[in-house]
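Colleague: I'm new to reading these models. Could you take me through this one and tell me what stands behind the words people use?
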Amino acid sequence: MSRFIRRSAAALPALLVAIGTSAAVALPAQAASTWSAPAALPAGVGSGSFAENASGAQIAVTGTGPQVSSSTSGKTWSAPVTVATGGTDAAVALSANGRAVVVWHGGTATAPLLQAATEATPGGAWSAPVTIGAINVGAQAPLIAIDGSGNAIVAWSGATATNVLGSINTASLPAGGAWTAVKALDATGSSTIRLVANATGSAIVTWSDEDNIWADSGTILGGFTAPVDIGQALGYEHRPRISYVALNNAGQAVVAY
């Protein structure tokens, strides 16, 4: 059974309220527009992660390297730029002011690391890679989100398989600053996490263990509160269910699972 959970905009964090199992949503007028012809990205780019900001600028990253390509409209794309070599599982975020942050798995096969690089302005030079922290061998790909000012947050699970639980971790990057120390949101954790942030810097991480869906809310730079148990959501043969979360700029959030 699918469920939707809505959170009030009264405060962050706020009470989670169930609103039902399905809903009909009226599409905005622009949804009736015709799709453009497909635009080909440079070879390899886009297989890892994609992001777009409020101005329509876009950025895509390949899962290996990583290599990054950008576009102002999605119709034409820049040649790939190599940010690092030997990395995997890359993810990218793009803020309203054009600041981009990419994270990936680096290091060695026996001593993997979570690494990151930044691009201060579109088309500018990427910073040298920095290490955020150590990760488990075989850990799942990181997730990244960014606010309107360019402050970024990365979240990841120490899990190494869909039915192997691992701790939920975060680290933050102030615009113009350095990465914070790694913080564990949950020591037992999950193998299925989701991360969202809005333009004002609020952030939510959701995950599931073998039986329940969890959510933790806070801010990109200000930390998180204690996790909230949303409710039971048994997966197949104790495999955690995947949750999906959305957060608007008014602080309203919906979790579906």
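**Reading the strands**

Modeller: Sure, and we can start with one pair of residues: Ala 152 has Leu 173 in β12 as its bridge partner. Keep in mind that this is a predicted model.

Colleague: What makes β11 and β12 a pair?

Modeller: Two strands pair if there are at least two bridges between them. Strand β11 (residues 152–157) and β12 are joined by six bridges, so they count as paired by that rule. They run antiparallel.

Colleague: And how do you know that β12 pairs with β13?

Modeller: Use that cut-off again: at least two bridges are needed, and β12 and strand β13 (residues 183–190) have four, in the antiparallel sense. Gly 166, for instance, has Ser 190 in β13 as its bridge partner.

Colleague: Why is β12 called mostly covered?

Modeller: A residue is buried when its relative accessible area is under 20%. Seven of the eight residues of strand β12 (residues 166–173) are buried, so "mostly covered" fits, given that cut-off. For the protein, buried residues make up 44% of the 257 residues.

Colleague: Which strands form the open sheet?

Modeller: Seven strands do, in the order β3-β4-β5-β6-β7-β8-β9, with antiparallel pairing.

Colleague: What makes β3 and β9 edge strands?

Modeller: β3 (49–52) and β9 (130–134) each have a single partner strand, so one side of each has no neighbour in the sheet. On average, neighbouring strands of this sheet are turned by 30° against each other, direction ignored.

Colleague: How do you know that β3 pairs with β4?

Modeller: There are four bridges between β3 and strand β4 (residues 58–61), in the antiparallel sense, and the rule asks for at least two, so they pair. Ser 49 has Val 61 in β4 as its bridge partner.

Colleague: How many helices and strands are there in the protein?

Modeller: Zero helices and 20 strands.

Colleague: Where does pLDDT stay under 50?

Modeller: Over residues 8–27, for which the model still has 34 contacts beyond four places in sequence. Strand β2 (residues 16–20) has the lowest mean pLDDT among the elements, 35, and strand β10 (residues 143–146) has the highest, 98.

Colleague: What is the mean pLDDT of the protein?

Modeller: It is 85, and 85% of the residues reach 70 or more. The scale for this confidence runs from 0 to 100, so take β2, with its mean of 35, with caution.

Technical notes. Residues numbered from 1 in each chain as written. Predicted model: local features only at pLDDT ≥ 70, side-chain atom pairs only at ≥ 80, totals over all residues. Heavy atoms only, no water. Helix = DSSP H or I, 4+ residues; strand = E, 2+ residues; numbered from the N terminus. Buried < 20%, exposed > 50% of the residue type's maximum accessible area, 1.4 Å probe, protein only. pLDDT = per-residue confidence, 0-100. Contact = heavy atoms within 4.5 Å. Axes fitted to C-alpha atoms, helices over the stretch in contact; angles between N-to-C directions.
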